[in-house]
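Grab a pen and work through these exercises with the structure open beside you. Each task comes with a worked solution, so try it yourself before reading on.

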Amino acid sequence: MKALGITATFIFTTILGAGAPQAKGPTIKIGAIFSTTGPAANLGGPEARTLEMLVQEANQKGGIGGYQIDLVLKDSGSSPEKAISLAKRLIEEDKVFAIIGPSTSGETLKIKSIAEEGKTILLSCAAAEAIVNPVASFVFKVAPSDSHAARRIFEQMKKMGISKIGLLSSNTGFGKAGKEQVEKLAPGFGIQVVANEVYDKDATDLTAVVTKLKAAGVQAFINWSIEPAQAIVIKNARQVGLSIPIFQSHGFGNIQYAKAAGPAAEGVIFPASRLLVADTLPADDKQRSVLLKYKQSYESHYKEDASTFGGHAHDALLLLGKAVDKAGTLDKEKVRAALENLQGVVGTAGIFNFSARDHGGLGMDAFEMQTVKNGKFVVFSDTAAKK
Amino acid sequence: MSLLEVKDLCKRFGGLQAVGNVSFTVAAGSIKALIGPNGAGKTTLFNLIFGALLPDSGQVWFDGQQTDGWQPHQVVAAGMARTFQHIRLFPKMSAWENIAVGRHVHSRAGFLASMLGLPWTRREQRAVREKALDIMRFLGVEDRADVEATSLAYGQQRIIELGRALACEPTLLLLDEPAAGLNMRETSEMAKLIARIRDTGVTVLLVEHDMTLVMNISDEVLVLSYGEKIADDKPLAIQKHPEVIKVYLGEDDA
Amino acid sequence: MSLDLFFQYLVAGITYGTIYAIVAIGFNIIYNTTGIINFAQGEFVMLGGMIGVTLHALVPMPVAIAGAVVVTMLVGALIEMLFIRWLRRPSVLRLIIITIGLSIGIRELALLLWGEGVRALPYFTGTAVTSLSIGDVHISPQVLWVLGISAVMVAALNFFFARTLLGRQMRACACNREAAQLCGISAKNMVTLSFVLSAGIGALAGCVISPITYVQYDSGTSLALKGFTVAILGGLGNSMAAIAAGLLLGSLESFSIWVMPAAYKDVIAISILLLILFVRPTGLFGNAEAARLKDY
Amino acid sequence: MARRRNLPIVVLALAVIAVQLASAAAGKPQYLTQLTMAGYYSLVIVGLTLLMGYTGQISLGHAGFFAIGGYTSGLLTTYNLHPRGGGGLVSLLQATGLLVAGQDLYGGDLLVVRPWAACLIAMLVAIGIAYLVGKPVLKLRGHYLAMATLGFGTIVYKVVLGSSLVGAADGISDIPAFPLFGGVVVTGKSALRVHNYYLAWGLVLGAMALLTNLVHSRVGRALRAIHGAEDAANAMGVDTARYKLNMFVLSAALAALGGVFLTHYNGGIGPSEASIMKSVRYVAIVAVGGMANLWGALIMGVLLNFLSLRGSFGSYDDAVFGLILLAIMLFAPDGLLRVELVRRVPGLRCVFGQERAP
């Protein structure tokens, strides 16, 4: 009995002790749920770091819309059940104004209805179409759609006269979403997927999988993944003598994968946001200054290469700030409406044009086809490829 | 009438013939001892009779049923019980609880009834405890009922193990070296105890190295050597049996 | 299926198999002296790879690998002395949970130290695209390195355990701790030594396989699972058996991809492992006596 | 004896009520959300405690049973049969009242299995699989048993991760609420938070009462005997294989029950529920609670899950968990609630130390 009492007391002191920090001036409380650890740490890590850095920067400059940001950052460990619990906590208990994240589609889809019912803006950093289709009024996404990436890849394939391809994807939410889009869109481009394999994100070697591609006699293959294993695929493909073109998804947009695959990565083609090639963009490019600013401050702050995923957190905060500015109030419904009507906002992923029917906001032009040359990401051009 | 009949029982372990073509009977209400040098296959024979091992060939008939191929728990339900050469008491359970496990086949509360705590299961529980305490009284160790069994003195552990087997209410009791590790006084008490158990109508088959005990209480003695039966007779006849003497004293002296 | 493809799948299977086997060997050493499965074995492999890559930025590769092995051995010794040595008569389950706790702890420390990025040593011979070809069958030279080093490792271990005094003392502890102590062998030192040895072997494995598999703060866990599977499949404690079992499991996985979707690779491999265990409850080459000794 | 055995159940019931009242009084009813979730996880943990602590059989695959329960119920209640409305089987099911028509969140027509039926099917599936898996697996011992259960867990994980039918890596979303009886509905809606809390803890209380009875019964004694000396238990007439299997199935059923309810409560389930790390966590909590200590496991389980679900440990969730595991196994291997202090204070002993008392 006593011990139960003590346990209960302990529970309650822990709970009650965890009150919100005292804030100065008008504040806006923003919640964030990222997979900083767990299988999707490659996404959540840069996202969380980006947001922490930007919130600090913004608060020094007076916050967003005149409000100091009070950031409540939570790690979901890539588990949907934890994301659900954390989303409820942020909405009901911390009463946050908006939530940025989660990092993966699986988690986002689980908390979509929670955000909608709790009338709290959710700016997901995951890519799945199902997040914004059907549209839930409070749910937005800032990551470019997989369908756009797939279309860009197929357009490029058409140019190169490829019609028979293999598809590899990893067994995570990112891989799954891409796989679905590729399967759905390929027939429309007259492209046939003759080999379709899902591999383990923790794979140590994938020679057998690329052997299967080789046996299927494909003209090119798409490798849709966000994890390090995608570099193993590229390596193994070249090792078994597959010299066909390799297309990657935007999940390749992290220079460490290109480095890991070494010479095998040379010539890999993939669609990605211009962040990766920011310094090579022409001076009149609309995104150039935004990209360079984010890239430079992230890289000097954390001493590591910026990735497109950290950029999603940047865009989410940027969009939220613009909407609060435009609404001029902290009324959730009004800010939501303002967000829905934002046009021409230049972010790292592209230029956002939201509407009541489109809560994704990015067009196909968000992607630029890129390739690896001498261990660096560069804009892909057909002439360069021929050489 | 014989309670147990073993016919041509064989068991090999790899190249070793542990038990070869052994046949014998145990008469109801008697004490039969099984002796032989170390490695003669006595414990293996026990395990074959009890169902802990499958025989390669041969038959075991117990109480009119052919029991070879049965699992130990089925053999127990048919009326056999055993003790172990190396004491196998249940740790972290008190002495009476150890004995209470022996009541398993004579009680019937299953998973569902036990979980629901039906009134009859509680009555049955109380009856089991009473029976366990009765047995402890019979064995003269009732004062140790609540002591953790594995912390008892060695001799007492032997007695608890015996009590646990008695709790099964066997018609045939198999005792594997009941006096092993006991001192002279304890051994003679054990002998008296076994005789008392026989007097309650329980048939006893025992493996033992202590010849005084064996010769004092056995009605018949079976001698094994290298897995084969070399003699099966009254104790006095066994003591004079030339082959037994050869086995025990070595061939050169014979 | 053409013969070329058959051999290409076989090569893939050999690649998987050698990676699993080299990890499994580390499990066996600690198992042989203590009777426990060290669930932090995968973390030794990860640490070896991480430290190797870190050192390689400063010194040539052979030195970096040697350094990684030595540092990981020290970590192994430290872990044994801090967390295992002073326990009085610990139960096997308690030790297993301690090693699970250690595995989580080391992984999280690695995350703090190195972040979630992925690293690798360069290929020992050639580059990521180099391969040796026989007809249309290709194999990366690194796979041969892994295979060769595993073979040398097993030979050296067999020599160590069979021929050297120290090795024999370790084996004596494994058979009968009390008796070994009566003969003047310090059982505790032998346990420490087994941790040092298996940490070193894990680290070497981590360095050798890192060009193929890469290394990340959490790569130890999945490697450990596979290593454990292979150690069990072969029969615990037998390193030669581990190599055979590794190659078998690797080939099973590889050929399963030929006929089934790759997503179910592990499902097929583990189902077969379970079937083998049901028929041979102590692994392919294990013996029942040893398994009974090391119960929980 | 019976009264002493029931005391902790009464204490737990009072504590459940006290926590709810206190949270309401403190104006923090939100805590009940995570306490409800932790309650469902406790069902797995207490079942596993009986399997590991009392019967002595380790299972590194229990998250698999939780997931089988949750996924089966989730799949059946979301898999839309409407497009196949004309089919013979579907019509038949519809006629028996097993199906329920409705609309999804966005106005599409839905025809899915009724949650009651789905729950029952899920339990039957889990029990059936536990039986099929347990029968051969429980013949193995020691590390080999650990490996086999780990293998089972891995298979479940890889199957749910690899099958697009159950959403692969995304899992299943938009799983409907589960109307139980009267006005009681298993749902995460905040309006029904309090009664879902009582529902979850009512289940835990029920499970604890059943399991405490079991521990003190003929069956419990036989299970402990199996743990202590399996061959001797068999020699006393205990059908050890059947008892181990029954216990395995019982603990799997409890895990599946937790899975079904939590899935409907959350409105979704993902592969992380089937992961090996989850299974390891369950085992670790049982160990931390003191192995053969139902109450210790329950309290540690609730505490750790509650704090973890609230995100109290931030990104150090696994690290904190590992540290607690290490610290307790090093310094209090019989579990935190079994230290000498608890044994010596009579009042505490009747709550925590009662299982082993005669």
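**Exercise 1.** Find out which residues Ala87(A) touches, leaving out those up to four places away in sequence.

*Solution.* Start at Ala87(A) in this predicted model. Skip the sequence neighbours up to four places away, and you're left with Ile33(A), Ile99(A), Ile111(A), Ile114(A) and Ala115(A). Next, zoom out to the largest nonpolar core, which has 429 residues. Ala87(A) is one of the three residues that touch the most other members there, along with Val46(D) and Ala256(D). Now ask who supplies the core: helix H1 of chain C (residues 3-34) gives the largest share, 17 residues. As background, nonpolar side chains in soluble globular proteins tend to be buried together.

**Exercise 2.** Work out how chain A is divided into domains, and which elements of domain 1 touch domain 2.

*Solution.* First, the bounds: domain 1 takes 25-144 + 292-356, while domain 2 takes 146-272 + 367-386. Second, the spacing: the C-alpha centres of these two domains of chain A are 29 Å apart. Third, the contacts: 15 residues of domain 1 meet 17 residues of domain 2. On the domain 1 side, helix H2 (41-60) and helix H4 (105-117) of chain A are the elements giving two or more residues. Finally, sort that side by type, and you get seven nonpolar, six polar and two charged residues.

**Exercise 3.** Describe the side of chain A that touches chain C: which element gives the largest share?

*Solution.* Begin with the counts: 31 residues of chain A are in contact with 31 residues of chain C. Then list the chain A elements that each supply at least two residues: H2, strand S7 (192-199), helix H7 (207-216), helix H8 (229-239) and helix H9 (255-261). H7(A) takes the prize with six residues, the largest share. By type, this side of chain A splits into 14 nonpolar, 10 polar and seven charged residues.

**Exercise 4.** Chain C has 296 residues; why can we call it as compact as a globular protein of that length?

*Solution.* Count the elements of chain C first: 12 helices and two strands. Along the sequence they run α-α-α-α-β-β-α-α-α-α-α-α-α-α. Now compare sizes: the radius of gyration of chain C is 19 Å, close to the 19 Å from the globule rule for 296 residues, so chain C is as compact as a globular protein of that length. Its C-alpha trace spans about 60 × 50 × 35 Å along the principal axes. To round things off, 60% of the residues in chain C are buried.

Note on methods: Residues numbered from 1 in each chain as written. Chains lettered and ligands numbered in written order. Predicted model: local features only at pLDDT ≥ 70, side-chain atom pairs only at ≥ 80, totals over all residues. Domains from an automatic or database assignment. Contact = placed C-beta atoms within 7 Å. Helix = DSSP H or I, 4+ residues; strand = E, 2+ residues; numbered from the N terminus. Nonpolar A, V, L, I, M, F, W, Y, C, P; charged D, E, K, R; others polar. Core = buried A, V, L, I, M, F, W, Y, C linked by C-beta atoms within 7 Å. Buried ≥ 20, exposed ≤ 12 C-beta atoms within 10 Å, placed from the backbone. Rg over C-alpha atoms; globule rule 2.2 N^0.38 Å.
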